[in-house]
Amino acid sequence: MLKGTTLMLLSRVKAVSAEVIYRCSLRQDIGKKAWSLFSPRCAPGSVLWRRNEGFFREVCTSTTLHGKVRGNKRKNELSEKKLTRHFVDCRRVKLVAGSGGKGASSFHSEPRKEWGGPDGGNGGDGGSIIIKANRFVKSLAQVVPVYKAEDGESGGNKNCYGRNGNSTYISVPVGTVVKEQGTTIMDLAEHGEEYLAVFGGAGGKGNRFFLSNENRAPVMATPGTAGQERVLQLELRTMAHAGLVGFPNAGKSSLLRVISNARPAVAAYPFTTLNPHVGIVEYRDHEQVAVADIPGIIRGAHLNRGLGISFLRHIERCRFLLFVLDLSAAEPWTQLQHLCYELDQYEPGLSQRPHAIVANKMDLPEAREKLETLKSQVTQRVIPVSALTGQNTEELILHLRELYDGYLQDDGSEGVKPV
């Protein structure tokens, strides 16, 4: 029994020693092949490369054992407010045209020509700024506050003229009105229509320009003139077909989400919308109606309380209105009276435009009783909806199309092309 156990132990020792010897030889072989990688003889296609081709295939640096672990840093998720793009219908821009390049003062220098004469070239003209209407641009959000055109290059010797600065084009939507200090100076009503807002400065003259019979060696050169500077206001004549008008937290943004493709930020606190958002309501006959979510109006907005004047200016550019009333309020019919008062104080007759009353938040239990009281208090059509559940939004979309068709008929009868 003892003899058999001894033989078994000897066989295990031999097997372990053989495995150790095999691993050592394998490591030496891999080390030699690895060092051969740095040899100049180990070029792709060489004899040494073909010998070690199997080793190259076995080496992998993309695994976690051989390669470096690259951890993906998780980016911070942006909030919904930062992801939404609001609609911009007015901009105040400062335009600075390019300055002209200065002229050069030099004399021709060449062997065997002692009296070569003046050869200073003129400077290039500065670039101008042009406002151009583009039907593919729908908002003024891409218009930056300051534009600076390219300056002209200075002149050089050997009668070399400086290069003129390139003109800068500002693409604006069709229907943009250009104003300066409140006065309208241009109305871009057609696609491709341009308005040269500021002129570039003229380039300076080199001393070659002042060559005459009386002055055969002029040394005078003039600098370029500065470009024109102006501050203009860009405003859209028509912001949207319909405008959602209401007090803060009335559910205007939620309603725009339901009936259109816009995604304004929605929250449980007032003044969530600080900038207008425009959504497109599409119909089966491929007609599109633009609906604007106007920021909430407060009492005293016509006195410029808060940002009231800017909000009322957005409403002025809508063809027809949708008054959104909050049925969770104690007396929702009084909201309509206050809204009409603020609109008429800003512009007389603004509340008399074609409009409809939207009674929002019909999913609340007490909304039924307030709806009946509201209908008895007003003479206009009342459309009860729920922006939370989407209840009765089809009726609102159909009535919106009726207002739009009536707007087209009125403009067609007056001979004015609708915007």
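This report covers helix faces, ring contacts and salt bridges in a predicted model.

## Helix α8

Four residues of α8 are buried: Ala367, Lys370, Leu371 and Leu374. Viewed down the helix axis, they fall within an arc of 105°, so they line one face of α8. A lysine is on this list, alongside an alanine and two leucines.

What do these buried residues pack against? Their partners are β12 (318–326), α7 (333–346), β13 (355–360) and β14. The other side of α8 carries exposed residues: Arg368, Glu369, Glu372 and Ser376.

## Helix α5

Helix α5 spans residues 252–259. Its buried residues are Lys252, Ser253, Leu255, Leu256 and Ile259. They cover an arc of only 160° around the axis, which puts them on the same side of α5.

## Aromatic rings and charges

How many aromatic pairs does the structure hold? There is one. Phe209 and Phe210 form it, in an edge-to-face arrangement. The ring centres are 5.3 Å apart, and the angle between the planes is 90°. An angle over 60 degrees counts as edge-to-face, so this pair qualifies. Phe210 is partly exposed, with a relative accessible area of 24%.

Phe209 has a charged neighbour too. The charged end of Lys205 sits over the Phe209 ring, 5.0 Å from its centre. Phe209 therefore takes part in both the aromatic pair and this charge contact. Elsewhere, Tyr283 has the charged end of Arg401 over its ring, at 5.1 Å from the centre.

## Salt bridges between β5 and β8

The structure holds eleven salt bridges. Side chains of opposite charge can pair when their charged atoms come close.

One of the bridges joins Lys179 and Glu235, with the closest N and O atoms 3.2 Å apart. Lys179 lies in strand β5 (residues 176–180) and Glu235 in strand β8 (residues 229–236), so the bridge ties together parts that are 56 residues apart in sequence. Is each partner buried or partly exposed? Lys179 is partly exposed, at 21% relative accessibility. Glu235 is buried, at 16%. The cut-off for buried is under 20%, so the two partners fall on opposite sides of it.

Glu180 and Arg230 also meet in a salt bridge, at 2.6 Å from N to O. This pair again links distant parts of the chain: Glu180 is in β5 and Arg230 in β8, 50 residues apart. Glu180 is partly exposed, with 27% relative accessibility. Arg230 is buried, with a relative accessible area of 14%. Here the glutamate is the partly exposed partner, and the arginine is the buried one.

## A bridge to helix α9, and a network

Arg381 pairs with Glu402 in a further salt bridge. Their closest N and O atoms are 3.7 Å apart. Where do the two residues lie? Arg381 is in the loop between α8 (367–377) and β14 (382–384). Glu402 is in helix α9 (residues 393–414). The two residues are 21 residues apart, and their pairing links distant parts of the chain. Both partners are partly exposed: Arg381 at 37% relative accessibility, Glu402 at 49%.

Some salt bridges share partners. In this way Glu150, Glu153 and Arg163 are joined into one network.

Methods
Residues numbered from 1 in each chain as written. Predicted model: local features only at pLDDT ≥ 70, side-chain atom pairs only at ≥ 80, totals over all residues. Heavy atoms only, no water. Buried < 20%, exposed > 50% of the residue type's maximum accessible area, 1.4 Å probe, protein only. Arc of directions from axis to C-beta. Phe/Tyr/Trp six-rings, centres within 6.5 Å; stacked < 30°, edge-to-face > 60°. Lys NZ or Arg CZ within 6 Å of the ring centre and 35° of its normal. Salt bridge = Lys/Arg side-chain N within 4 Å of Asp/Glu carboxyl O. Contact = heavy atoms within 4.5 Å.
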